[in-house]
Amino acid sequence: MDDFVALYEGAGENDPDRQLPPLMPLGMVLTDTGGGKYQLALGPTMLGDYEGAYVTTEVWQGFDEVWVQPLYVLISGRSPDGTPIRFPADDPRARPIFTVGPDSAFYSPYWQTFYVQVPAGSAPDAYRSARAILDDKALVAAPGPARLASLVRRKGVIEGIFNDRDRYPSLPAPENVGPVKLGGVGYLDGEEIEYIDLGEGGFQWDRALVVEETPLFLPMWRDAEGTLRSLEVPTIGGTGPLFSETLPRISLNRPHYGSLWRAYVVEMPPAARVFAPPQHPKVVEALQEAGVPVAEVGPTIKALAGQDLVDRRANVGRVALDGAKCFETVATLDTCTWLDSQSAIEKHLGGAAIHKTDIAITCPLISFANTAVPNP
Amino acid sequence: MRGRQRLRALGLFVAAAAWPAAGSAHTEPNIVQVDAAAPLEENENDSEGYTPPAQGPGSPAPLQLSGYVDVGFARAQGDGTSFAPGDTRLPVDYGADTFAPAVNSRGDVASTDTGGRFVNGFLPRSVNIGGRPSFLLNTVNFDFKYTAGGAPVMVFTRVQLLPRFTGTGDETRPLLEQAFGRIIPFDSQELALSIGKFDSVFGIEYLDNQANIRTGVTPSLMARYTTGQSIGAKIFYRVQLAPLWSALSLNVAATNHGNFVESAQPPDASLTGVPVLSARLGYELNLAAVQIKLGGSLLTGARNDQNRDDADQRVLGLDLRVALYGFFLNGEYVRVDEEAGGPKTTGIGAFPLTSSFHARGFYGQLAYALALDLGPLRRVTLYGRYEQRNAEFPGFTPIKVDRLTAGVRLDLWDLLIVKGELLRNGERAGAPKVDNDVLTTSLVYTW
């Protein structure tokens, strides 16, 4: 996160190693609201029949793997049912103890919680680092849930979420966006550090502590010169390895996947078109600025208004395999072959159109099926 | 007169030794300790002495074979590693000093078993004995030296056999540690040019690499940065400042990777295409009662555990040796800085990436050698060493470790050395405290 802020401040202008990859423009990650403050940009993604939205906290380039790191949470004991008894929120011992800092190449926002029951009467500052906990052989660290938390060295610069529904009409209404807890304070090597709490769960890892990736498809198109260019539309979220037909893991309206995505470029066929009716001028404008051919829509679509238009927000930005035909009427709109899911891409475009990149992204879903993802 | 000058030059070559040393098969110009206490003129007599013919009957054999066998017995505390049980920070080798539980002169450790935890190649070689005491055949060393008759050329090859238990079976690793040709073009100048695979030129600890030369058993915590062999070319030059009983020397090398040990950076090829430069400037004072040697060393170039030619490494060092009435004091300070680079390749394997890295450390060793004439016992040496190493991978907890080493060495006849050593490893900051002390011995036959 600190690197994104630094980019806005002009750091690394002549250092390609510090720049985001072209597939990930800075505006898709962070929005500058002025005065040294920034907002996390809410990103839309298509998940087949559902829409989703995420915020991006880390971009990994050149990393084949991302590992889970340990996070220690001090507890005073356990209730009869085994539930950890945490310290009150205003007690410094309630703060999580992180173990690897954001300056490390092996830093990861993916943490495995370990509950550590501290002796009664222990000093409030006795355990504020991994070393202090590991050195006390009497302590037992019991594994707990996964937690997604992004460390931020620069305190107080992230102040909310930027939800641009004019540009991306498929984005959920604010009340349907899950909470992102900003300004949390934890410890790293005994010193305070701020973090963005993105909640428990949401990812899995293997025996080698490597976080499982889910494919995220970035629609691209080839212009007249043959250059592959971004289609400037929502991404398409997958559910598992390519062609594995993995079903999404969802429980209690919380997807237990989709926080570490591996970017795949998907080359859309020449006939594919983005649904961008004129009622959404920012969408049309963005496509035109990018040189993307804008499909003409039929009169009945142009006439959509009110609730009828609202009902079609989810379609805006989707790519139809046969857009030139199915955008003729409202009725034919329902017959479009949408390229809005991993299975649709695999089925209609095949492996030849899908290209794995060296980019992985931490962008956990905070809205799923137009419902806020809880953040306990 | 010409012959006398040549003899003097050779005598000075051998004066700057790794001391105390019982004699060696070391191949560098600075080889075997002679009695440097006396001024040079007192070492000479009025006679020309006998100079064997370069060729023909009575001349030394052009090919000389020598070597040693190093057998040891070692026991390490705990599981033989520096990894703390329950430490799941990854990579696990970033949070500990994996080189600390050394068991032999090569710096091999008792174990590097992580229990399945991910590592990023910051590992020494291991004898895989864990925490179990074990006999070890540390090294079987063969030196082949060929001296061309009538030409100032010497070819040297050092081959070593390293029998090891791998964890899943037995394997003997053959190692071509050195192979180089050396030219001394001028009789009147201490100038030597070497091309091939040879010892480091950095600091002084590389002089102790071989078990039959090293005073004690194990190398220092900083040796991993300064004592490795590499392939390239080097020039050694020394000028005598006779009125000052002094000499200045310069050793400069351009090699594939510099001085890191091969488990850290592979020496046998340049991964970046950019040679690494290393050099040592030394001063020595040779008085009757005391000998003092001071040196400053530098290494600079692209780090050779990855392929980016803009990922630099720099190592700086200062060294000191003092010999005084049987007491020998050796010390070095080393400073290491490495930039992040591409995917990592060491002499052990391939790993995901190279992080930037910084280390600062020093050691000081004091030894007292008592010459004896008690049957086979020729000398007893008591020694102690204290050292510290501060290391940091940015973003990871910086660690500070130290070590106190004490031991005894017995020289029997002129070909057998027995050593016993205790290493007390300490984690002073950053790294979790672990039981990783080592008790080790070494018996070295030299032939």
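Across all chains of this structure, a search finds 41 salt bridges, a salt bridge being a side-chain nitrogen of Lys or Arg within 4 Å of a carboxyl oxygen of Asp or Glu. Side chains of opposite charge can pair when their charged atoms come close.

Before going further, a word on how to read this: the model is predicted, so local features need pLDDT of at least 70 and side-chain atom pairs count only at pLDDT 80 or more, while totals for chains, interfaces and linings use all residues. Residues are numbered from 1 along each chain as its sequence is written, chains are lettered from A and ligands numbered from 1 in the order in which they are written, and side-chain values use heavy atoms, with hydrogens and water left out.

**Some salt bridges to look at**

| Pair | Closest N to O distance |
|---|---|
| R153(A) and D103(A) | 3.2 Å |
| D402(B) and R428(B) | 2.9 Å |
| R409(B) and D411(B) | 3.0 Å |

Start with the pair in chain A, R153(A) and D103(A). R153(A) sits in the loop between β9 (141-152) and β10 (158-162), and D103(A) in the loop between β7 (97-98) and β8 (110-117), so this pair links distant parts of chain A, 50 residues apart. Here strands (E, at least two residues) and helices (H or I, at least four) are DSSP runs, numbered from the N terminus. R153(A) is partly exposed at 42% relative accessibility, and D103(A) is partly exposed too, at 48%. For these words, buried means under 20% relative accessible area, exposed over 50%, and partly exposed in between (1.4 Å probe, protein chains only).

In chain B, D402(B) belongs to strand β16 (residues 399-412) and R428(B) to strand β17 (residues 416-429), so their salt bridge ties together parts that are 26 residues apart in sequence. D402(B) is buried, with a relative accessible area of 6%, whereas R428(B) is partly exposed at 49%. As for R409(B) and D411(B), both are buried. Salt bridges that share partners also join E190(B), R238(B), E284(B) and K293(B) into one network.

**The disulfide**

The structure holds one disulfide over all chains, meaning a pair of cysteine sulfur atoms within 2.5 Å. This disulfide joins C326(A) to C336(A), with 1.9 Å from S to S. The link is right-handed, with 100° about the S-S bond. C326(A) lies in helix α6 (residues 323-326) of chain A and C336(A) in the loop between α7 (330-333) and α8 (342-348), so the bond ties together parts ten residues apart in sequence. C326(A) is buried at 3% relative accessibility, and C336(A) is buried at 9%.

**Where the chains meet**

Let us turn to the interface. In all, 26 residues of chain B are in contact with 23 residues of chain A, contact meaning heavy atoms within 4.5 Å. The area buried between the chains is about 1,800 Å², and carbon and sulfur atoms give 59% of that area. Buried area is the accessible area (1.4 Å probe) that two parts lose on being put together, summed over both. R89(B), L90(B) and G395(B) supply 28% of the area that chain B buries against chain A, more than any other three residues.

How many salt bridges cross the interface of chain B and chain A? The rule finds zero.
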